[in-house]
Amino acid sequence: MAQKKLIRFTQLSELPNVMEKPEGMKGKWRAHFKNENPIILELACGRGEYTIGLAAMHPEQNFIGIDIKGNRMYLGAKKALAQNLNNAAFLRTEIEKLTDYFTKGEIAEIWITFPDPQTRTSKAKKRLTYPRFLRLYRQVLEVGGTIHLKTDSPELYKFTRVVIDRYELALHEYCEDVYKESTMPELKIRTHYEGLDIARSNKIFYLNFSLPEELKDTDNELKIYLQETENQLVVDK
């Protein structure tokens, strides 16, 4: 297995649709795609099922899957090439470094599909819908650009609803059981981790929201909420 990973890492850098921490790409992605179409990101893309699925579904848009784990990304990048998806690309880097590769307003939408929910309160700051990440997204999203969250974690869904409420974000759509309640074709795309049902919730949750020009500074209130939630869990035990 280690040998296979090493081979994939070597081959990853040779794939034309993959960039590994590239220099000079900030503000130049439309030149890479050779068009002026909107650019959508899939964060923590893993094997890139959404990057591939959305690119096939929407040839009038460009999609970039972002992850640091090249072994998984390799599988998605190869599949995109096999399907001749010229509107799909992959960027290997940390999500925290988004502003190193994208300029203000360069991104139309962001998809976050089945991220690690970081269910422990002590790990809350690592949740991809935590305010520090939302402020990062604000720096690259165009005005009115939307964020999509698809997760099987009730905890992450509830937490994100709390963030949307407390920071007065614009909630456009929500669904607490995607396969029973939604007819949105984009939500029918399945990922490898969705199939594992790690959260054992037997439900898929979805949120679509956008950010204001500047997020409110209610971080202390959020910390208090998280602490109260943790204390309640201790009491319940």
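**Exercise 1.** In this predicted model, work out which residue arginine 135 pairs with in a salt bridge, and where the two partners sit.

*Solution.* Start with the contact: the partner is aspartate 219, and the closest N and O atoms are 3.1 Å apart. That fits the cut-off, because a salt bridge needs the nitrogen within 4 Å of a carboxyl oxygen. Next, place the ends: arginine 135 belongs to helix H5 (residues 131-138), while aspartate 219 is in helix H9 (residues 219-236). So the pair links distant parts of the chain, 84 residues apart. Last, check accessibility: arginine 135 comes out at 27% and aspartate 219 at 22%, so each falls between the 20% and 50% limits and counts as partly exposed.

**Exercise 2.** Do the same for arginine 92 and its salt bridge to glutamate 20.

*Solution.* The N to O distance here is 3.0 Å. Arginine 92 is in strand E4 (residues 88-92) and glutamate 20 in strand E1 (residues 18-20), 72 residues apart. Arginine 92 is partly exposed at 21% relative accessible area, and glutamate 20 is partly exposed too, at 29%.

**Exercise 3.** Find what glutamate 94 does with lysine 21, then see which network they join.

*Solution.* These two form a salt bridge, with 3.3 Å between the closest N and O atoms. Glutamate 94 lies in the loop between E4 and strand E5 (107-113), and lysine 21 in the loop between E1 and helix H2 (29-33), so parts 73 residues apart in sequence get tied together. Glutamate 94 is partly exposed at 25%, as is lysine 21 at 41%. Now widen the view: Lys21, Glu94 and Lys97 are linked in a network of salt bridges. The whole structure holds six salt bridges.

Key. Residues numbered from 1 in each chain as written. Predicted model: local features only at pLDDT ≥ 70, side-chain atom pairs only at ≥ 80, totals over all residues. Heavy atoms only, no water. Salt bridge = Lys/Arg side-chain N within 4 Å of Asp/Glu carboxyl O. Helix = DSSP H or I, 4+ residues; strand = E, 2+ residues; numbered from the N terminus. Buried < 20%, exposed > 50% of the residue type's maximum accessible area, 1.4 Å probe, protein only.
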